[in-house]
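I opened this notebook to record what I looked up in the structure, going from the overall make-up to the surface and then to the interior.

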Amino acid sequence: MSGLPYFLVSSLYMLLFYGCYRLLLRRNTFFGLNRAYLLSSLVLSLVLPLVRLPGGTEGLPIETLRLPAFTVGSRSTQTNTLTIDQWLWLMYGLGVGAMLIRLTLKVRSVLRLIKSGIPQKGSQFTLVRLTDDVSPSFSFGRYLVLNQTDAQTPPDALLRHEQAHIQQRHTLDILLIELVQAAFWFNPVLRLYKHSLQEVHEFLADRAVLKTPQPDYPQQLVAYALNVPATTLITPFVSKSTLKQRIIMLQKPASNHRALLGYALTLPLAALLTMCTQSEQELPQTAATTSSARKPVKVEGEVFTAVENSPEFPGGRNKLFEYLGQNLKYPESAQKAKAQGKVFVSFIVTKTGEITDVKLDKGIGHGADEEAMRVISQMPNWKPAMQSGKPVNVKFNLPINFQLEDSDKSTAGAALPPPPPPVPGKTASAPVEITRFSINGKQVSKEEFNAFPPAKIARVEVFSKTGTASITTK
């Protein structure tokens with residue numbers, strides 16, 4: 001998965017995981033588990049959209065004879081205006097750039113503040129004393145920064161609280177959230193993720209302080225919060241946004257172990273979402289996409305996949321390539337979207353030579369799938385296959401490779417342009433015919449070309465300008 005679908009599905013995972021946290025886990029006292037859940041769920045939201053479950057349509061149908069691939073080429077369209085996809089990517093890139101610039105400025109501001117103080121290196125952290133009270137005391141990375149008032153008489157609870165932040169590397173969590181938020185700047189759930197993670201950080205640091213009894217610790221928090229300004233990137237001793245919840249958690253008894261079931265509940269929900277998104281991307285398309293360009297023919301008897309004499313297009317293989325080259329057109333929408341790749345279409349040649357059961361096995365979208373099915377479903381009747389001297393039904397799979405070409409390259413395999421409109425009093429020009437044949441670059445006769453074993457063919461190209469059909473072997 002790539003592009004817009006990836007970002008949408010990943011955002012959906014984030015919404016699911018955070019919703020579970022908010023409803024089931026937020027009020028638990030398993031602070032370490034809550035931190036691990038928030039971080040791991042964020043990483044899983046980025047990874048799970050890329051997971052492919054077995055049983056998709058990457059492979060071709062097993063019981064199908066495969067025809068040589070046919071390439072449909074077209075010069076990539078050059079327009080002065082941007083497509084919708086290009087506008088979306090441009091807006092996304094501008095948003096990511098703005099968020100990264102914002103993050104860089106914030107980190108630079110914090111580092112500049114740290115450098116303005118007086119450092120004192122220790123074994124576990126570096127203590128920095130500021131010369132003013134503009135900023136509250138905080139921790140960032142391995143720096144414990146005290147403003148001028150706190151530096152004169154450092155409170156023991158503050159030092160232990162900020163030291164817990166440093167030892168547990170809480171700054172790395174916040175920087176990770178900031179980077180993901182830069183990539184998903186359009187997703188408001190990440191703001192809630194960041195707030196909840198900062199809240200859990202405070203709970204963990206408070207628990208570290210309370211390992212030694214501090215009966216007046218809640219009162220210290222309230223008193224200190226009265227003169228603390230709000231901050232966004234650093235971890236101050238007290239944040240007004242989390243103060244109330246911290247005091248509640250300090251007085252709350254430990255959660256019952258049955259509350260651990262809430263963490264396990266998220267697993268089946270994530271698995272269900274994975275299956276739903278996989279079904280949207282990878283379900284076989286044969287049942288959903290069937291050609292209706294011609295009336296279906298009832299197939300009577302067995303459908304073979306290996307026969308003594310294979311079916312034959314009227315006039316032989318070169319006429320088949322000529323028919324595809326003259327009728328297949330590279331859809332304009334596919335050219336604008338720069339969509340290219342192989343479209344696999346299966347069909348049955350009945351014992352009477354009719355074409356039926358035309359289905360799409362794998363496509364690239366943007367109109368290319370419909371174009372391939374249209375041309376195949378309109379093919380004339382074939383010479384039927386023979387098995388033990390009797391005509392039989394045979395199923396084929398035809399790969400059609402839609403490939404964009406640069407303006408300075410030949411249009412190998414390109415669909416022939418439509419014939420010009422007839423001029424009054426003149427006969428319409430005949431369609432271009434294939435008159436030259438080659439195998440691996442060596443010129444051969446028409447008979448040698450037609451007699452070449454299909455199993456050894458890797459690709460067939462039709463050069464419309466020179467009227468040449470070329471075979472490339474495996």
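The entries below keep the order in which I looked things up.

**Overall make-up.** I note at the start that I am working with a predicted model. I counted 14 helices and 16 strands in the protein, and I found that 44% of its 474 residues count as buried. For the accessible surface I have about 25,400 Å², with carbon and sulfur atoms holding 60% of that area. I also looked at contacts between residues at least 6 apart in sequence, and of these 75% join residues at least 24 apart.

**Nonpolar surface patch.** Which residues make the nonpolar surface patch of about 530 Å²? I listed Leu 4, Leu 8, Ile 84, Leu 88 and Met 91. At least two of the patch residues come from each of α1 (4–25) and α3 (84–115), and α3 gives the most, with three. I then checked Leu 8, which lies in helix α1; Leu 8 counts as exposed because its relative accessibility is 53%, and the cut-off for exposed is over 50%.

**Asn 187.** Is Asn 187 buried or exposed? I placed Asn 187 in the loop between α6 (170–183) and α7 (189–209), and I entered it as buried because its relative accessible area is 8%, where buried means under 20%. Once neighbours within four places in sequence are left aside, Asn 187 is in contact with Ser 11 and Met 14.

**Largest nonpolar core.** I turned next to the largest nonpolar core, which has 44 residues, and noted that Val 345, Phe 347, Ile 376, Met 379 and Trp 382 touch the most other members. Several elements give two or more residues to this core, among them α11 (317–327), β9 (341–349), β10 (355–362) and α13. The most comes from β12, with seven residues.

I followed Val 345 further: apart from neighbours within four places in sequence, its contacts include Val 358, Leu 360, Ala 372, Met 373, Ile 376, Phe 396 and Leu 398. I also recorded a second, separate core of 32 residues, which includes Leu 25, Val 96, Phe 184 and Leu 204.

**Helix α13.** How many of the 10 residues of helix α13 (residues 368–377) are buried? I found eight, and I therefore described the helix as mostly covered, given that buried means under 20% relative accessible area. The buried residues of α13 include Ala 368, Ala 372, Met 373, Val 375 and Ile 376, and also Asp 369, Glu 371 and Ser 377.

How values were computed. Residues numbered from 1 in each chain as written. Predicted model: local features only at pLDDT ≥ 70, side-chain atom pairs only at ≥ 80, totals over all residues. Heavy atoms only, no water. Patch = residues over 30% accessible without salt bridge, like charges linked within 9 Å, V, L, I, M, F, W, Y side chains within 5 Å. Areas by Shrake-Rupley, 256 points an atom, 1.4 Å probe, with all protein chains shown as cover. Salt bridge = Lys/Arg side-chain N within 4 Å of Asp/Glu carboxyl O. Helix = DSSP H or I, 4+ residues; strand = E, 2+ residues; numbered from the N terminus. Buried < 20%, exposed > 50% of the residue type's maximum accessible area, 1.4 Å probe, protein only. Contact = heavy atoms within 4.5 Å. Core = buried A, V, L, I, M, F, W, Y, C linked by side-chain atoms within 4.5 Å.
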